[in-house]
2 protein chains.
Amino acid sequence: MFSKTCEYGLRAVIFIAQESKIDKKVGISTISEAIGSPQAFTAKVLQQLTKHKIVQSIKGPNGGFFIAEQNLKTIALSNIVEVLDGDNIYTACGLGLNQCNDKKPCPLHFKFIEIRNNLKVMLETTTLLELSLDENLVNYFLKN
Amino acid sequence: MFSKTCEYGLRAVIFIAQESKIDKKVGISTISEAIGSPQAFTAKVLQQLTKHKIVQSIKGPNGGFFIAEQNLKTIALSNIVEVLDGDNIYTACGLGLNQCNDKKPCPLHFKFIEIRNNLKVMLETTTLLELSLDENLVNYFLKN
DNA sequence: ATTATAGAGGATAGTTTTATCCTTTATTGT
DNA sequence: ACAATAAAGGATAAAACTATCCTCTATAAT
């Protein structure tokens, strides 16, 4: 469904969000340990997310990644997916036809629209705040 | 969503199904022309589908690919996807966590289950027969 | 100022996916 | 039998994705 880049990105951001909720900054080694991902690769992913203001970073001792309180409310999973995988998953034709649209549909166009829309709504309505609420932290895991 | 392999495979099979409905066999050059795909690559894809009995093939003059009448009814899109992309798209965790399941879910597990299930049902209930019915042929296209 | 820490960024390597080419095998028609 | 046709299959190439390493820059503490 998503690229590895996007999977690591989502897991990393969810983890950072949870730590930020309790006012903790986290370094890349802590993050990659927590989500079970290759450290250098995850660092690249976080670089992109930092550029796009999904997460913030501070260099030097006691530095690390974090997400500002007010951003937890406004950042949804769709924002992360769009940065890392683009909007293909929402908009692209299931059969890979570039010119497929409502006016000129592929045989599966109207069937895929519904599926993709479910995904879109889910990603757009799931915020980092929701994923960092206490009751969710207990039961869920982020690591292989 | 799907790999190129799977996209070409789906388009090819839909095209073959439509031709088979009117008792025509089609060769690989006709198929790749009709669906706008690289010929040699599409041939490989069809090789896999032939091995798995999704389509049948006959070598030599007047040979080509076709799907037996009775198979149009029973073959669903899910069968093609499973051969070419495996069942990952139905079963794999959205965050890429191997051990994610109902008992030990990732933070998005229950949200993804619904999405994936919609997709699964759609693919399992869409048969080649449906896609080769006359009324559908007029409006739909398969080529970029 | 110096040293240690930690993210940013460039370069490169490995793996998988996508794509092409060429030969072999099976079938048909003459 | 022979030539032509068309799929099967092996080998290889190109591109994209995943992953690692090393250096550079910014910050903090002493």
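Which residues come nearest to DNA strand C? Some notes from going through the model, which is predicted:

1. Starting with DNA strand C: there are 23 residues around this strand, and the ones that come nearest are Gly27(A), Lys4(B), Pro38(B), Ala40(B) and Gly60(B). Both chains chip in with secondary structure here. Chain A gives at least two residues from each of α3 (39-51) and β2 (64-66), and chain B does so from each of α1 (4-21) and α3 (39-51). By class, this surface comes out as 8 nonpolar, 11 polar and 4 charged residues.

2. Now DNA strand D. This strand is surrounded by 23 residues, with Lys4(A), Pro38(A), Ala40(A), Gly60(A) and Gly27(B) the closest. The elements giving two or more residues are α1 (4-21) and α3 of chain A, plus α3 and β2 (64-66) of chain B. The class split for the surface near DNA strand D reads 8 nonpolar, 11 polar and 4 charged.

3. On to the contact between the protein chains: chain A puts in 30 residues and chain B puts in 30 residues. On the chain B side, α1 and α7 (109-125) are the elements that give two or more residues. That side of chain B has 17 nonpolar, 8 polar and 5 charged residues.

4. One residue to look at separately is Asn98(A), which sits in the loop between α6 (88-91) and α7 (109-125) of chain A. Asn98(A) counts as exposed because it has 9 C-beta neighbours inside 10 Å, and the cut-off for exposed is 12 or fewer. From Asn98(A) to Gln56(A), the C-alpha to C-alpha distance is 35 Å, with their positions 42 residues apart in sequence.

Conventions:
Residues numbered from 1 in each chain as written. Chains lettered and ligands numbered in written order. Predicted model: local features only at pLDDT ≥ 70, side-chain atom pairs only at ≥ 80, totals over all residues. Near = placed C-beta within 6 Å. Helix = DSSP H or I, 4+ residues; strand = E, 2+ residues; numbered from the N terminus. Nonpolar A, V, L, I, M, F, W, Y, C, P; charged D, E, K, R; others polar. Contact = placed C-beta atoms within 7 Å. Buried ≥ 20, exposed ≤ 12 C-beta atoms within 10 Å, placed from the backbone.
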